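Got a minute to go through the reasoning behind a few structural labels? Here are the sequence and the model.

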Amino acid sequence: MLDIEKKLSKLSLKLPSAPTPAANYLPYVITNKLLFISGQISADKNGLIKGVIGQNMSVEDGYRAAQNCGLSLLAQLNAAISGDFQKFKRVIRIAGFVNATNTFEDHPKVVNGVSDLMVSVFGENGKHMRIALGSTLPLGVAVEVEGLFELN
Amino acid sequence: MLDIEKKLSKLSLKLPSAPTPAANYLPYVITNKLLFISGQISADKNGLIKGVIGQNMSVEDGYRAAQNCGLSLLAQLNAAISGDFQKFKRVIRIAGFVNATNTFEDHPKVVNGVSDLMVSVFGENGKHMRIALGSTLPLGVAVEVEGLFELN
Amino acid sequence: MLDIEKKLSKLSLKLPSAPTPAANYLPYVITNKLLFISGQISADKNGLIKGVIGQNMSVEDGYRAAQNCGLSLLAQLNAAISGDFQKFKRVIRIAGFVNATNTFEDHPKVVNGVSDLMVSVFGENGKHMRIALGSTLPLGVAVEVEGLFELN
């Protein structure tokens, strides 16, 4: 059985607490073994990761912001299954929204921050389909990521 | 059993007719007790609610636009279940797209217009996960909202 | 049983090879007879279809870009069901993202490029719900389209 804290620790990462929604909605909904997780906005232990990629943030900064969104998705997943990863089956869908300049083209490299994390943590079961888009975002954050997971 | 007209009337709101799609698509699709509703664009009895939040519309204007998108979602739900709310189980997912300036940060407050409506009408069963993004939108409307509902 | 190549040939169209994902993700995921297909970016035999609609591309250009995204969705579907269209049940959801100017309003006409294709190929089973938004897009492409299909 997966020990997510240990797995993340090997990647020099740490599971954050599951973020509280910014407004009147739930962090996740489970139906028919599908776990729908709300858009997670980029943040780390210092607070929100704000900025515009291609303007005052690099692709590497964006990658790290997306990775942090991925950590928040994992925190919500962990809460949803009460830490019992035998209940986790696979990642289905990742939707990555990148706050970037109009001429920015490297959204896929940014969203790899979350995709690489899922594959590093879950291996084959972490592989997923995805969309990657440019958007302006709540609170001026750099990246927002929505997730859909399958449970056992 | 829920009388949606009466419930909305108590909130001083009124169920609109279910809007006709703006192009070659269906207003909704039902599969496996999941009701997927097409993006509803902001409109009221006077027509489309157009504008850019943070430029020529306030957060409050945006909230009302989002609420109107929510009313359209309810109208599509009502049509999908032929007004029989025993067939309604819960709201799963709300995706709110806000036409705002690049520096706007209050998308969550705007999208609360639809989230608050769902909770006011359905209580616990109206609670949902969601995403909120900034986007440019069809026909220059202020808000577009997509919905996913679960049926009994 | 549907011969997709023949059907497309009657429309003077051709099934492309299923595009390889641009980064670390899968082209599609199947779960519970739902086929989730990753965002397909506009491309034809000459390569990526790049541009901004309303700036250096017309609505008609955008329609053709969206149609090409639709052909890529069909190529992924074809790969997912190994060409056996008895396994195809219906199109559920199309999400069309249009790289357009801030004042552009005709996203629905652009996204009809993919919706019309689905209905031309599959008839009633090609009808779907959808969202259409303005977004900036990976690699500067004009259109990106995500698809959700139901299988038998």
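Q: Before we start on symmetry, how are the copies laid on each other in this predicted model?
A: The model is predicted, and copies are superposed by least squares on the C-alpha atoms of residues with pLDDT of at least 70 in both.

Q: What turn and what shift lay chain A on chain B?
A: A turn of 120 degrees with a shift of 0.0 Å along the axis does it, and the RMSD is 0.0 Å.

Q: Why is that called a three-fold rotation axis?
A: Two copies of a chain are related by a rotation about an axis and a shift along it. Here the turn is 120 degrees and the shift is 0.0 Å, so the two copies are related as by a three-fold rotation axis.

Q: Which C-alpha of chain A is nearest the axis?
A: That of A:Ser135, 3.5 Å from the axis.

Q: How do you know that chains A and B touch, and what does chain A bring?
A: Contact needs C-beta atoms within 7 Å, and by that test 22 residues of chain A are in contact with 24 residues of chain B. On chain A's side, β1 (28-31), β2 (34-41) and β7 (143-151) each supply at least two residues. β2(A) gives the most, with four residues. By class, this side has 13 nonpolar, seven polar and two charged residues.

Q: What makes up the side of chain C that touches chain B?
A: Here 24 residues of chain C are in contact with 22 residues of chain B. β5 (88-98), α3 (107-122) and β6 (129-134) of chain C each supply at least two residues, and α3(C) gives the most, with eight. That side divides into 10 nonpolar, seven polar and seven charged residues.

Q: Why say that the copies meet through different surfaces?
A: Only 5% of the interface residues of chain A are also interface residues in chain B, so the surfaces differ.

Q: Now the helices: why are α2(A) and α3(A) called oblique?
A: The axes of α2 (residues 59-80) and α3 (residues 107-122) of chain A cross at roughly 45 degrees. Angles under 35 degrees count as roughly parallel, and 65 to 115 as roughly perpendicular. The pair fits neither class, and α2(A) and α3(A) are therefore oblique to each other.

Q: How do the two helices pass, and which residues meet?
A: The axes come within 7 Å, and α2(A) passes α3(A) in a right-handed crossing. Among the residues that meet are A:Tyr63, A:Cys69 and A:Leu74 in α2(A), and A:Val114, A:Leu117 and A:Met118 in α3(A). The residues of this contact divide into 12 nonpolar, five polar and two charged.

How values were computed: Residues are numbered from 1 along each chain as its sequence is written. Chains are lettered from A and ligands numbered from 1 in the order in which they are written. This is a predicted model: local features need pLDDT of at least 70, side-chain atom pairs count only at pLDDT 80 or more; totals for chains, interfaces and linings use all residues. Ala, Val, Leu, Ile, Met, Phe, Trp, Tyr, Cys and Pro count as nonpolar, Asp, Glu, Lys and Arg as charged, and the others, Gly among them, as polar. Axes are lines fitted to C-alpha atoms, for helices over the stretch in contact, and angles run from 0 to 180 degrees between N-to-C directions. Angles under 35 degrees count as roughly parallel, over 145 as roughly antiparallel, 65 to 115 as roughly perpendicular and the rest as oblique. A crossing is left-handed if the near helix is turned anticlockwise from the far one by less than a right angle, and right-handed if clockwise.
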